[in-house]
Amino acid sequence: MRWKCNGLALWFGAALTVGVIILSSLPTAATGLHGESDADHAFAIEATQAAQISVVEGLIRNRTLYDALTACDIPPAEILSLSRSFKPVFDFRSSRPKDYYEVSVDGQNLIQKFVYKTSPLDEYEAVKEDNGEYTVHKRKIVLDRQVVAKVFTIESSLYQAVADSGETQQVAGLITEIFAWDIDFYLYPRKGDQIAVIYERCYKDGVFVQYGDVLAASYVGKQKTFSAFFFNDGKFDGYYDETGQPLKKMFLRTPLKFGRMTSSYSIRRFHPVSKRYKPHTGIDYGAPTGTPIFATANGRVVFAGRKGGYGKLIIIKHANGYRTYYGHCSRLLKKRGQLVEQGEVIARVGSTGVSTGPHVHYEVRVKGKPINPNKVKKSRGKPLKTEVLANFTEIVNQRLLMVEDLLEDKTSLVMLTQDD
């Protein structure tokens, strides 16, 4: 049986009536049954009420959790106690309209169990103990993983090749992240290039929720082939080539995931605004206003503000005398003195300063002298240790055969399903 409590709610897009479900109850005591006294009868009613467990569920919508639960006659003291217990794992001040709640109450409307979901992967649960306190934890979500193998053939761009295969831009992003140290996806790809990828799709209750790891990838270009294999060295996950050399290097090739090169490095370029020839000491990458700009290497911000024709500019100091410049930003997300990691978002694309449209001016200097960003030395990290190399080689050989079969047959398939 279900009663309405404050109207209707939606559970992740599906219509759901907010109400009360009686899950269990004791038989109702009858007056004078077997000669019971009034006191016995009152005790029986109280026991019945305490044993009744009801469930109220719904979405937060444009309310606070306090408002949502008081509307269902839950005592304010109960709600405040629940909120205090939840703070170490989730602060209800961060609630959003589509967050889902499910509260189990007894016959006196006292909370016995509370579940809160902010996304398919983020679920929290509170259970009342005998002492009246709540035990709160984040639920462990078990995902089913499908291992998928596909070949993407470039006709115009990597993004379009991935979209044509039925996958989302996220897959293209995963590929560019893996090869970010070796391939400039604004310059390198050519029509007919192929990328064979073995990757995971993650499902919850039969519904796709996210992509997992890329287990292996091979980019076959006109001039060179690049390969990447996912492996844990006993401490950290990482990507390596077939010999065990890490792909990660000191500098990323570009500060953006997607966009297009609008101006290259040149010692003599005709400036579109000043209408005269002058050196262009970096590379310009055009992209929509607001596109994330990434730090290409670990370092410390030494300047963040406006600087002449650069407009809004961030300068990062790196090891060995290197500095990188990111100009014409619409918004700066880091301040002077802050440490940043390679791949961290530091700003947003804009058109501030002397600019003809939204782009980022990316510049690399060594001891104050500008150099061509495409010619920056790409020093690698340490190769895999001897004791794990045998295991790595065995895994790589298996995945390499799968990649080669993919490239030869140009097929797409789901190979297996596994639990997280």
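Rings of Phe, Tyr and Trp count as a pair if their centres lie within 6.5 Å. The legends below use that rule and others for close-up views of a predicted model.

**Figure 1. Aromatic pairs, with Phe-231 and Tyr-240 in focus.**
By the ring rule, the count comes to 22 aromatic pairs. One pair joins Phe-231 and Tyr-240. Their ring centres are 6.5 Å apart. The ring planes meet at 80 degrees, so this pair is edge-to-face; the cut-off for that class is over 60 degrees. Buried or exposed, where do Phe-231 and Tyr-240 fall? Both are buried. Tyr-240 returns in Figure 3, among the residues nearest the centre of the largest pocket.

**Figure 2. A cluster of rings.**
Which residues do ring pairs link into this cluster? The members are Phe-86, Phe-90, Phe-92, Phe-114, Tyr-116 and Tyr-124. Phe-86 is also the last residue number in the range of helix 3 (76–86).

**Figure 3. The largest pocket.**
This pocket has a volume of about 800 Å³. Its lining holds 29 residues. Nearest the centre lie Phe-236, Asp-237, Gly-238, Tyr-239 and Tyr-240. Four elements each give two or more residues to the lining: helix 5 (169–178), strand 10 (207–220), strand 12 (237–240) and helix 6 (386–409). Which element gives the largest share? Strand 12 does, with four residues. By class, the lining has 14 nonpolar, four polar and eleven charged residues.

**Figure 4. The one cavity.**
Searching the whole structure for cavities of 30 Å³ or more turns up one. The space inside the largest cavity is about 40 Å³. Which residues line it? They are Phe-251, Leu-252, Arg-253, Tyr-362, Val-364, Pro-373, Val-376 and Lys-378. Six of the lining residues are nonpolar and two are charged. No polar residue takes part in the lining.

**Figure 5. Lys-150 and its contact with Ser-165.**
Lys-150 sits in strand 8 (residues 144–153). Its relative accessible area is 10%. Why does Lys-150 count as buried? Its 10% falls below the cut-off, because buried means under 20% relative accessible area. A polar atom of the Lys-150 side chain lies 3.0 Å from the backbone oxygen of Ser-165.

**Figure 6. Charges over rings.**
Two views show a charged side chain above an aromatic ring. Lys-307 lies over the face of Phe-303, 5.7 Å from the ring centre. The charged end of Arg-365 sits over the ring of Tyr-325. Here the distance to the ring centre is 4.8 Å.

**Figure 7. Asp-73, a loop residue with positive phi.**
Asp-73 is not a glycine, yet its phi is positive, at about 65 degrees. Where does Asp-73 lie? It is in the loop between helix 2 (65–70) and helix 3 (76–86). Its relative accessibility is 60%, so Asp-73 counts as exposed; the cut-off is over 50%.

**Figure 8. Lys-367, another positive phi.**
The phi of Lys-367 is near 55 degrees. This is a positive value in a residue other than glycine. Lys-367 belongs to the loop between strand 24 (359–366) and strand 25 (369–371). It is exposed, with a relative accessible area of 75%.

**Figure 9. Pro-358 and Tyr-285.**
Pro-358 is in the loop between strand 23 (345–348) and strand 24. It is partly exposed, at 37% relative accessible area. Along the chain, 73 residues separate Pro-358 from Tyr-285. Their C-alpha atoms are 8.8 Å apart.

**Figure 10. Tyr-265 and Tyr-362.**
Tyr-265 is in the loop between strand 13 (260–263) and strand 14 (266–270). It is partly exposed, with a relative accessible area of 23%. Tyr-265 and Tyr-362 are 97 residues apart in sequence. In space the two lie 9.6 Å apart, C-alpha to C-alpha. Tyr-362 also helps to line the largest cavity, shown in Figure 4.

**Figure 11. Glu-78 and Gln-112.**
Glu-78 has its place in helix 3. Its relative accessibility is 13%, so Glu-78 counts as buried. Glu-78 and Gln-112 are 34 residues apart along the chain. A distance of 9.9 Å separates their C-alpha atoms.

Key. Residues are numbered from 1 along each chain as its sequence is written. This is a predicted model: local features need pLDDT of at least 70, side-chain atom pairs count only at pLDDT 80 or more; totals for chains, interfaces and linings use all residues. Side-chain values use heavy atoms; hydrogens and water are left out. On a 1 Å grid over the protein atoms alone, a cavity is a set of points where a 1.4 Å probe fits but cannot get out, and a pocket is an open set with protein on both sides within 12 Å along at least five of seven lines; lining residues have an atom within 4 Å of a point. Grid points are joined across faces, edges and corners, and a volume is the space filled by probe spheres set on the points. Ala, Val, Leu, Ile, Met, Phe, Trp, Tyr, Cys and Pro count as nonpolar, Asp, Glu, Lys and Arg as charged, and the others, Gly among them, as polar. Buried means under 20% relative accessible area, exposed over 50%, partly exposed in between (1.4 Å probe, protein chains only). A polar contact is a pair of N or O atoms within 3.5 Å; within protein, one must be able to donate a hydrogen and the other to accept it, and residues adjacent in sequence count only if both atoms are side-chain atoms. Rings of Phe, Tyr and Trp (its six-membered ring) pair if their centres lie within 6.5 Å; planes under 30 degrees apart count as stacked, over 60 as edge-to-face and the rest as tilted. A charge sits over a ring if NZ of Lys or CZ of Arg is within 6 Å of the ring centre and within 35 degrees of the ring normal.
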